[in-house]
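Work through the exercises below with the sequence and the structure at hand, and try each task before you read its solution.

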Amino acid sequence: MVLTNTADVAIPELAGYQRRLLIGGAVGMIASLAGLFMEPTQFLQSYLMAYMLWLGVTLGCLALGMVHQLSGGGWGVVIRRPIGAATRVLPVMTGLFLPIAFGMFRLYSWTNLDLVAHDEALRHKHLYLNAPFFLARAAFYFLVWNTLTYFLNAWSLEQDTTAEPGLARRMQKLSAAGLLGYGLTITFASFDWLMSLEPHWFSTIYGVLIMGGQALSALAVLIVVLVWLSRRAPLDKIVVAAHFHDLGNLMLAFIMLWAYFSFSQYLIIWSGNLPTEIAWYLHRLQTGWRAVGVTLILFHFVVPFLLLLSRAMKREPRTIVVVAGGILVARLVDLFWLIAPEFHHAGISVSWLDVVLPVSLGAIWLGCFIGQLRGRAILPLHDPGFDEALGRILEKAKAERSAAAH
Amino acid sequence: MASSHSSQGTPPVIAPGHTFGTVTDKISAIVLARKTPIGWYAGFAAAFALTLLLLVSLTYLVLKGIGIWGNNEPVGWAFDITNFVWWIGIGHAGTLISAILLLLRQSWRTSINRFAEAMTLFAVASAGIFPLFHTGRPWLAYWLLPYPNTMNVWPQFRSPLVWDVFAVSTYATVSLLFWFVGLIPDLATLRDRSQSKAGRIIYGMLAMGWRGSSRHWHRYETAYLLLAGLATPLVVSVHTVVSFDFAVSIMPGWHTTIFPPYFVAGAIYSGFAMVLTLAIPIRAVYKLEDFITMRHLQNMAKVMLVTGLIVAYGYMTEAFIAWYSADKYEGFVPLNRLTGPYFLAYWSLILCNVAIPQLLWLKRVRTNVPILFIISIIVNVGMWLERFVIIVTSLHRDFLPSSWGMYSATFWDWSTYVGTIGLFLSLLFLFLRFLPMISIFEMRTMLPEARVDEEAI
């Protein structure tokens with residue numbers, strides 16, 4: 001059966017895309033190196049933003065994959081392999097953390113010991129916010145994420161070849177523990193890498209906000225990938241409108257969650273109006289940055305929310321792909337909002353690096369992703385839950401097509 | 001969804017061997033035919049006695065004022081708000097099971113949704129008593145509503161206490177409608193099967209002329225789905241607003257941004273714990289093991305495990321950020337909880353809400369009904385302690401040590417609390433006796449012969 005072929009055989013043009021994306025990404029990165037020499041802090045700031053976006057896609061896929069291991073459900077069947085491929089980009093993303101590790105003395109003001117010595121709050125936090133511990137924590141986070149990725153993918157591959165039934169159970173157990181590990185590590189990683197850009201500020205919901213954002217970025221990318229795959233054999237005979245409907249609903253749920261978390265944080269801090277907390281919003285809302293905030297409300301919530309309420313919009317690949325692409329851009333703007341104002345307190349400032357770096361890093365990410373996608377079959381055929389779900393999907397696809405033909 | 005298919009290893013949502021007829025017989029007989037068990041009378045009598053205690057407590061409260069409670073300066077909120085939040089939280093499971101699980105196409109919800117919804121209503125009724133009587137002059141409670149009046153009294157819309165009024169009353173209304181609409185086809189079944197004239201008249205009136213025509217069913221399905229959509233945001237909004245009651249203040253231990261999602265998770269946690277606490281004895285007494293199967297109990301245990309972990313995550317972030325904030329008052333809160341005069345309450349809360357529920361990771365525990373029952377009660381206690389700790393330990397030592405104080409509950413605090421448990425149980429006993437506790441027509445759709453090829457929505 002054609003489904004057992006690897007994606008490479010089924011979709012031969014993948015290799016070309018992979019090469020072009022990697023070359024394009026490399027060219028973009030080399031061009032942006034000019035920025036590193038001209039304005040190193042700006043480079044690092046933009047790099048952190050670009051990195052958090054694509055790391056978010058990677059880890060969001062890891063988390064969604066683990067959720068699907070536990071929850072099951074038709075929505076995950078067709079994106080399981082793209083999810084796996086996305087998580088296998090993690091080793092590359094681990095290496096790409098190095099610029100941040102080397103640049104931490106420019107990015108994070110708490111690394112400046114003179115400043116810390118004269119600031120009582122920072123002296124208090126020095127126990128946590130200090131360079132060696134920061135790096136040790138980062139190493140630990142990557143260790144956890146890479147371990148999870150390694151075993152989940154290795155077992156999934158073993159399942160492809162041996163169809164051993166016990167593997168599904170083992171993956172479920174690891175996923176349960178893995179979600180716990182993901183939740184804890186990403187919380188502290190978001191405190192370390194993003195929240196501590198303004199070391200005086202703190203918000204307990206921050207980790208949750210970043211987690212929701214990662215899941216949303218991952219869903220947006222997965223939807224774009226699935227639309228692309230569904231136009232080619234073999235998935236054109238398998239992916240049906242109901243899949244996009246389910247994924248669209250999930251994306252809608254995460255859009256609402258993001259708005260809920262963000263609004264809760266804002267309302268609570270606005271209402272308390274305490275100096276250490278409100279400062280974070282003051283230099284965002286009383287300067288030119290306000291425009292970015294309004295953009296986020298409109299394009300990270302209102303517009304996608306209204307569009308995704310429509311059933312037709314979610315079921316039509318041509319429209320859902322536009323919404324998903326737009327959401328990915330909005331995710332970037334959200335990270336821009338979290339990061340950039342800490343470096344430009346006076347007012348809005350957009351650099352060419354804020355565009356070139358996310359795009360080049362994205363090209364590299366996609367190139368690696370396609371490379372990982374190529375090596376395995378496009379559907380995991382031997383998962384016991386999947387055999388059943390897949391049978392129903394194939395039937396459904398047949399029925400839908402015959403209905404469309406009439 | 002895969003959930004409606006019982007794949008290998010998963011127990012079914014309805015035991016094999018049932019037909020349309022046996023399902024209807026078995027559930028409707030509890031109300032119409034079967035002799036009311038003596039245990040029902042005993043249970044109802046005990047619960048009603050406690051309800052009378054509630055009436056006495058509230059009467060005395062109105063006569064004397066809220067000074068009969070232990071509330072004081074600085075602990076202005078104590079048992080009253082603790083109990084309010086506890087009851088509202090319990091009420092969340094009903095709507096979650098009915099609305100969200102319906103929209104997520106989790107068909108296993110079917111046999112537990114009816115009484116979970118009833119539980120919601122009774123919990124909300126119990127919850128409402130506390131803020132109402134805490135005002136001291138409950139007959140003036142309508143001042144909380146914005147209406148044109150000659151006194152120029154207008155609610156302060158920046159106060160979450162006013163949002164509470166709207167959130168809770170909307171929630172109560174929608175939950176009631178949702179429950180009642182879901183009952184209509186079953187009320188018609190009872191009307192048709194009732195042997196007594198009174199039964200036929202009363203159930204007949206409540207069934208609102210239901211004839212079971214396809215047009216009725218079509219409209220019913222539309223209305224039910226719309227109500228589910230309407231109820232879904234309410235599950236989140238009510239406890240979010242309750243968390244704002246605390247979080248928008250600047251009280252250390254209250255003012256923290258994680259409160260909204262963590263309160264919602266806690267509400268679902270306690271709600272599922274209460275559904276288990278009730279479902280386990282009910283299924284044993286009324287022999288409903290065919291309908292409330294191990295699958296239901298296991299799934300509820302899993303929801304409890306997940307929401308319990310979210311709650312634990314909330315405790316952890318709260319404590320970490322309290323230290324990280326470098327704020328003296330914030331940093332003092334976890335220390336005071338861990339080692340202050342209420343340390344016992346805090347450690348018991350961690351034991352009940354975080355430590356013991358970890359047993360639910362084990363399948364052996366999730367399938368052991370008596371242990372599950374005990375854990376569900378422990379979680380109920382833990383969630384009550386959580387609210388007590390949040391409210392009292394934050395208030396009793398806030399900023400100025402010279403204005404620190406202590407709180408201890410009086411007899412009337414306890415009697416009012418226990419009284420609302422009595423009210424809750426009395427209403428529940430009446431519900432079990434007079435209404436079908438499991439949705440008859442929805443259970444029939446769970447049978448294999450009802451399965452039409454599922455349409456992908």
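**Exercise 1. A covered helix**

Task: Determine how many of the 32 residues of helix 3 of chain A are buried, and check whether the span of this helix agrees with its number of residues.

Solution: Helix 3 of chain A is mostly covered, since 27 of its 32 residues are buried. Please keep in mind that this is a predicted model. For the second step, take residues 40-71 at 1.5 Å a residue, which gives an expected span of 46 Å; the expected span is 1.5 Å times one less than the number of residues. The end C-alpha atoms of the helix lie 45 Å apart, and therefore the two values agree. Finally, look just after the helix, where Gly72(A) takes a positive phi of about 70°.

**Exercise 2. Where two chains meet**

Task: Describe the interface of chain B and chain A, stating how many residues of each chain are in contact and which elements of chain B give two or more residues to it.

Solution: Begin with the contacts, in which 35 residues of chain B meet 47 residues of chain A. The two chains bury about 3,600 Å² between them, and 69% of this area is on carbon and sulfur atoms. On the side of chain B, Thr257(B), Trp323(B) and Tyr324(B) lose the most area to chain A, together 21% of what that side buries. The elements of chain B that give two or more residues to this side are helix 8 (214-247), helix 9 (259-285) and helix 10 (294-324), and helix 10 gives the most, with nine residues. Sorted by class, this side of chain B has 23 nonpolar, eight polar and four charged residues. As a last step, consider the polar pairs: the rule finds zero salt bridges across the interface, whereas 12 residue pairs are in polar contact.

**Exercise 3. Buried or partly exposed?**

Task: Classify Thr317(B), Pro138(B) and Pro37(B) as buried or partly exposed, and place each residue in its chain.

Solution: The cut-off for buried is under 20% relative accessible area. Thr317(B), which lies in helix 10 of chain B, has a relative accessible area of 1% and is therefore buried. Beyond its neighbours within four places in sequence, Thr317(B) is in contact with Thr187(A), Phe191(A) and Thr204(A). Pro138(B) is found in the loop between helix 5 (110-134) and helix 6 (160-193) of chain B, and its 16% relative accessibility means that it counts as buried. The C-alpha atoms of Pro138(B) and Val62(B) are 8.3 Å apart, although 76 residues separate the two along the chain. Pro37(B), in the loop between helix 1 (20-32) and helix 2 (38-64) of chain B, reaches 32% relative accessibility and so counts as partly exposed.

**Exercise 4. Charged pairs**

Task: State how many salt bridges a search of the whole structure finds over all chains, and then examine the pairs formed by Glu342(A) and Asp192(B).

Solution: The search finds 10 salt bridges over all chains. Side chains of opposite charge can pair when their charged atoms come close. Glu342(A) pairs with Arg284(A), with the closest N and O atoms 2.9 Å apart. This pair links distant parts of the chain, 58 residues apart, with Arg284(A) in helix 14 (residues 275-285) of chain A and Glu342(A) in the loop between helix 17 (317-339) and helix 18 (353-374); both residues are buried. Asp192(B) forms a salt bridge with Arg191(B), where the closest N and O atoms are 2.9 Å apart. Here Asp192(B) is exposed because its relative accessibility is 56%, whereas Arg191(B), at 14%, counts as buried.

Conventions. Residues numbered from 1 in each chain as written. Chains lettered and ligands numbered in written order. Predicted model: local features only at pLDDT ≥ 70, side-chain atom pairs only at ≥ 80, totals over all residues. Heavy atoms only, no water. Contact = heavy atoms within 4.5 Å. Buried area = accessible area lost by both parts, 1.4 Å probe. Salt bridge = Lys/Arg side-chain N within 4 Å of Asp/Glu carboxyl O. Polar contact = N/O pair within 3.5 Å; in protein donor to acceptor, adjacent residues only side chain to side chain. Helix = DSSP H or I, 4+ residues; strand = E, 2+ residues; numbered from the N terminus. Nonpolar A, V, L, I, M, F, W, Y, C, P; charged D, E, K, R; others polar. Buried < 20%, exposed > 50% of the residue type's maximum accessible area, 1.4 Å probe, protein only.
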